[in-house]
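Please walk me through this structure, beginning with one residue of its interior and working outward to the fold as a whole.

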Amino acid sequence: MKTALIIEDDPTIRQFMAVNLVAREFEVWQEETGEAGLERLRDVTPSVVLLDLRLPGISGTELLHTMMQDSALQGIPVVVVTASLVDVNESNVSLMPNVTQVLVKPVKVEELIQAVTHAMSRRRADR
């Protein structure tokens, strides 16, 4: 089963990603805060995480660092979806081993699907 966890505080963007993944037979979980996303990550093991960097509470960057410190979470591929490349550059998240791609909003459907497919193929190759 293909599964995805979307951690995004903007409900429109979150829904856009969810609808397009469900249409491609993904089971999708959605969270709007870093804390809720981390809790969900610990409950389920998604095939891929789509992560916004600017989240209320725990930021996406902090969540990535937490994932890298947890052996159960560090192998889950992450597609960063952000409105600002400044955030990516300042935090160096694109250099983190579990980040497979960085997408800049607004994201096109084709970009989203390509990024998720790439992330999932990388995870299979790592196993």
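**From one leucine to the whole fold**

In this predicted model, Leu64 touches Leu51, Leu53, Val78, Val80, Val93, Met96, Asn98 and Val99, leaving aside residues up to four places away in sequence. Leu64 also belongs to the largest nonpolar core, a set of 20 residues in which Leu41, Val49, Leu51 and Leu64 touch the most other members. The elements that give two or more residues to this core are β1, α2, β3, α3 and β4 (78-82), and the largest share, three residues, comes from α3. A second, separate core has 19 residues, among them Ala18, Leu21, Leu103 and Val116. In soluble globular proteins, nonpolar side chains tend to be buried together.

Helix α2, which spans residues 34-43, shows how an element can be divided between inside and outside: Gly34, Gly37, Leu38 and Leu41 are buried. Viewed down the axis of α2, these buried residues fall within an arc of 100°, and therefore they line one face of the helix. On the other side of α2, Glu39 and Asp43 are exposed. The cover over the buried residues of α2 includes β1 (2-7), β2 (26-31), β3 (48-51) and α3 (60-69).

Stepping back to the whole protein, there are five helices and five strands, and along the sequence they follow the pattern β-α-β-α-β-α-β-α-β-α. The radius of gyration is 13 Å, close to the 14 Å that the globule rule gives for 127 residues, so the protein is as compact as a globular protein of that length. Of its 127 residues, 48% count as buried.

Technical notes
Residues are numbered from 1 along each chain as its sequence is written. This is a predicted model: local features need pLDDT of at least 70, side-chain atom pairs count only at pLDDT 80 or more; totals for chains, interfaces and linings use all residues. Side-chain values use heavy atoms; hydrogens and water are left out. Buried means under 20% relative accessible area, exposed over 50%, partly exposed in between (1.4 Å probe, protein chains only). Helices (H or I, at least four residues) and strands (E, at least two) are DSSP runs, numbered from the N terminus. The arc is that of the directions from the helix axis to the C-beta atoms. Contact means heavy atoms within 4.5 Å. A nonpolar core is a set of buried Ala, Val, Leu, Ile, Met, Phe, Trp, Tyr and Cys residues joined through side-chain atoms within 4.5 Å. The radius of gyration is taken over C-alpha atoms; the globule rule is 2.2 Å times the number of residues to the power 0.38.
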